[in-house]
Amino acid sequence: MKKQEVGFLFSVFVLFLFSNSIVFAVTVNITATVNPTCGNGVVETGEQCDAGGSNGVCPAACSVACAANSCGGGSSGGGGGGGGSVYIATSVIFSGRAYPKSAVTLLKDAQIAATAIAGADANFQVSVSGLLGGNYIFSLYSEDKKGVRSSLLTFPVSVTSGATTNVSGVFISPTIAVDKSEVKRGDDIAIFGQSAPQSDIVISVNSEEEFFGKTISDKDGIYLYNFDSSFVDYGTHYAKSKASIGNQAVSSFSSVISFKVGTKNIFAQLPNKIEKGDLNSDGRVNLVDFSIAAYWHKRPLSTTFKPTEIERLNGDGKIDLIDFSIMAFYWTG
Amino acid sequence: MKIENYKLKIITPVLVSCLLWLVAFSSQAAQLHLTSQTREIGVGQQFQVDLMLDAEGESINAIEGKITFSKELLEIKEISDGDSIINLWVERPHQRQATSDKRQATSDKRQGEIIFSGIIPTGFAGVLSPYYEGERPGKIFSLIFTSKSEGEGTVNLENGKVLLHDGLGTPAKLGILNFEFRILKREVRIPDSRFPIPEDKDSPEDFKPEIASNQNVFEGKYFLVFAAQDKGSGIDHYEIQETRNKRQGKKWIEAESTYVLKDQKLKSYIYVKAVDKAGNERIAVVEPRYLIRWYEFPLAWIIIVIAGIIAYLIWRKLKNKR
């Protein structure tokens with residue numbers, strides 16, 4: 001009995017460590033590229049200013065990329081003999097893995113800023129330019145062959161004026177779907193989706209106990225795992241997946257999908273419809289939905305809007321911060 | 001058997017304490033800090049207080065609260081939300097308006113209140129940068145005060161609420177750090193002071209207004225939504241112009257997102273001007289959804305009438321000649 005207690009405590013401990021490692025394993029590399037002569041204290045071609053070692057963030061007048069900080073007082077740099085204004089592009093480039101030939105969407109401060117198509121090897125690169133120095137919240141998502149969206153990956157990045165910031169090693173989480181919304185206990189339920197080709201996919205089914213299954217995606221990034229429902233009790237269960245390649249690149253977990261273990265099989269539809277947060281039913285959650293919710297903020301709801309609030313938000317009969325938070329979670333831009 | 005018990009006596013407390021430590025470590029609360037470069041200010045000096053969000057490993061997507069301060073000690077000069085991590089304001093930070101309630105009005109004279117609420121769609125866990133490791137707190141907004149009289153006080157955050165990015169709007173555990181200050185008679189040198197605030201020379205960023213309609217708002221009428229970002233001084237206001245001419249006119253009207261369109265036939269060009277607090281502008285154009293037919297231009301009718309008159313005059317002249 002005591003051995004079992006130790007075993008239990010140890011397994012909880014290991015699980016706890018594992019769950020933390022999941023969070024910290026998902027990393028990206030962030031680098032900035034600036035003019036190589038920037039920082040030598042001499043204003044040269046392509047530089048707006050150069051204060052040498054004093055270059056930096058506000059209140060420094062000159063950024064580390066040798067562009068005048070928009071906050072920075074006191075103009076430095078050489079008095080402009082003749083050449084017209086110097087244009088230094090400020091941009092951010094995201095690169096990494098999505099799904100083969102999938103569309104990757106980049107949001108900048110909650111609005112769609114760029115899209116790109118991943119190659120057959122799932123590698124993508126998407127960039128946005130014309131930025132200013134400051135804090136931006138970038139988010140990336142992709143859509144698989146069947147139109148199922150990945151969960152959002154968010155990168156709040158401090159962008160340096162005049163520099164190209166590279167965010168590499170992004171690994172978009174797999175998509176996930178199930179073939180049955182209800183499975184007869186004892187039958188298999190297919191858990192499937194798309195990721196990068198030849199990725200190790202870990203599928204987690206959460207019930208009272210957490211079950212982990214492993215499979216490998218094919219050359220198109222498609223994966224399929226048949227889960228034996230006799231392992232879990234009757235009731236609702238949740239599944240999610242994540243991908244890794246050679247223990248170097250690890251994605252975050254996919255969105256969570258639910259299924260019921262019951263007495264009959266009911267086939268499911270693909271989870272490519274967004275419902276929560278989508279107040280105008282256009283399949284997107286964006287500024288329009290935010291504006292509709294903002295209209296009803298601190299106002300009694302009309303009889304026509306009440307059913308929408310119940311179905312698409314938290315259903316408490318009013319619009320408050322919780323409803324906006326729900327909308328923010330399901331945001332697509 | 002005894003050895004087993006001995007092991008158990010050692011392992012169990014070690015494991016339990018490790019678990020407790022990990023639980024404590026992983027359940028740190030998100031923090032809202034009111035920070036400034038200085039805690040000591042001279043009478044009549046300006047200083048800046050920033051409201052910062054430290055997510056502490058959580059992902060946060062909504063925030064609201066109220067900042068209070070003594071009006072006898074401080075006067076608010078400016079509220080700056082440039083470079084904020086909040087992308088969409090439900091209530092842009094603003095001073096609470098004075099009420100007609102007498103008791104409240106007395107309190108209003110003594111205490112200033114800044115109310116705010118907003119969201120970070122897609123969530124916020126901390127700011128990343130190529131120039132440091134890990135994640136740093138993000139700025140919600142800045143308050144620029146002028147000190148009025150000698151004394152001590154605090155700028156407080158009240159009713160602060162941050163919600164987790166979990167799809168349910170679950171409140172996150174929240175730690176609050178208020179800002180304590182001392183106002184001295186003599187002038188104080190504020191380290192790294194940015195006053196006077198340098199000029200913001202950059203226009204707001206490109207933005208894309210969108211036309212929408214929904215039976216649940218504005219009686220189903222078409223409305224325009226827009227949100228521009230300005231990383232410098234922050235957006236001050238928007239102006240709108242609807243015109244059936246492609247050429248931009250001079251008449252602008254101040255407006256907010258959401259704006260109910262005057263031209264519900266959607267045949268007008270819509271110009272939206274975002275103006276930042278330094279006066280820099282960015283104009284976005286929405287093309288008409290439907291083409292204007294030639295007979296809808298007043299100029300076309302003027303030309304037709306003039307042409308008709310000329311034709312009539314020529315015809316009469318020719319007739320008289322005969």
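Let's start in chain B, with domains 1 and 2, whose centres, taken over C-alpha atoms, are separated by 30 Å. Please keep in mind throughout that this is a predicted model. The two domains do touch: domain 1 of chain B puts 5 residues into the contact, and domain 2 of chain B puts in 7. If you sort the domain 1 side of that contact by class, you get 1 nonpolar residue, 2 polar residues and 2 charged residues.

Where do these domains sit along the chain? In chain B, domain 1 covers 27-184, domain 2 covers 210-291, and domain 3 covers 298-322.

Now for chain B as a whole. It has 3 helices and 20 strands. Of its 322 residues, 31% count as buried. And if you take the contacts in chain B with a sequence separation of 6 or more, 73% of them are between residues 24 or more positions apart.

Let me show you some of those strands. Find strand β16 of chain B, residues 235-243. Which strands does β16(B) pair with? One of its partners is β19(B), residues 269-276, and 8 bridges hold that antiparallel pair together. If you'd like a residue to click on, take B:Q241, which stands opposite B:Y271 in β19(B). Another partner is β17(B), residues 253-255, again antiparallel, this time with 3 bridges. Here B:E239 faces B:E254 across the pair. That is one glutamate opposite another, for those of you following along in the sequence.

Before we leave chain B, have a look at B:V305. You'll find this valine in helix α3 of chain B, which spans residues 298-321. Is B:V305 buried or exposed? B:V305 counts as exposed, because it has 10 C-beta neighbours inside 10 Å, and the cut-off for exposed is 12 or fewer. For a sense of distance, compare B:V305 with B:T258: they are 47 residues apart along the chain, and their C-alpha atoms are separated by 41 Å.

On to chain A. Here we have 4 helices and 18 strands, and 45% of the 333 residues are buried. Looking at contacts between residues at least 6 apart in sequence, 59% join residues at least 24 apart. Chain A also has three domains listed: domain 1 at 87-171, domain 2 at 177-267 and domain 3 at 287-329. The C-alpha centres of domains 2 and 3 of chain A lie 33 Å apart.

The element I'd like to spend some time on is helix α2 of chain A, residues 287-296. Why call α2(A) largely enclosed by the rest of the structure? Because 9 of its 10 residues are buried. Those buried residues are A:L287, A:V288, A:D289, A:F290, A:S291, A:I292, A:A293, A:A294 and A:W296.

What covers the buried residues of α2(A)? Both chains take part: the cover includes α4 (321-329) from chain A, along with β6 (88-95), β14 (210-212) and β15 (223-225) from chain B.

Let's zoom in on the α4(A) side. The axes of α2(A) and α4(A) are 11 Å apart and meet at an angle of about 175°. That angle is over 145 degrees, so the two helices count as roughly antiparallel. The residues that meet are A:D289, A:F290 and A:A293 from α2(A), and A:D323, A:F324 and A:M327 from α4(A). By class, this contact holds 4 nonpolar residues, no polar ones and 2 charged ones. A general reminder on helices: an α-helix has 3.6 residues a turn, so residues three or four places apart point the same way. And one backbone detail: just after α2(A), A:K298 takes a positive phi of about 65°.

Last stop, a sheet in chain A. It is an open sheet of 4 strands, in the order β1-β8-β2-β5, with mixed pairing. At the edges are β1 (29-33) and β5 (123-128), each of which pairs on one side only. From one strand to the next, the twist averages 20°. Starting from the β1(A) edge, β1(A) pairs with β8(A), residues 164-171, in the antiparallel sense over 5 bridges. In that pair, A:T31 has A:N166 as its bridge partner.

That's my tour, and I'm happy to go back to any part of the model.

Terms used:
Residues numbered from 1 in each chain as written. Chains lettered and ligands numbered in written order. Predicted model: local features only at pLDDT ≥ 70, side-chain atom pairs only at ≥ 80, totals over all residues. Buried ≥ 20, exposed ≤ 12 C-beta atoms within 10 Å, placed from the backbone. Domains from an automatic or database assignment. Axes fitted to C-alpha atoms, helices over the stretch in contact; angles between N-to-C directions. Parallel < 35°, antiparallel > 145°, perpendicular 65-115°, else oblique. Nonpolar A, V, L, I, M, F, W, Y, C, P; charged D, E, K, R; others polar. Pairing = 2+ DSSP bridges.
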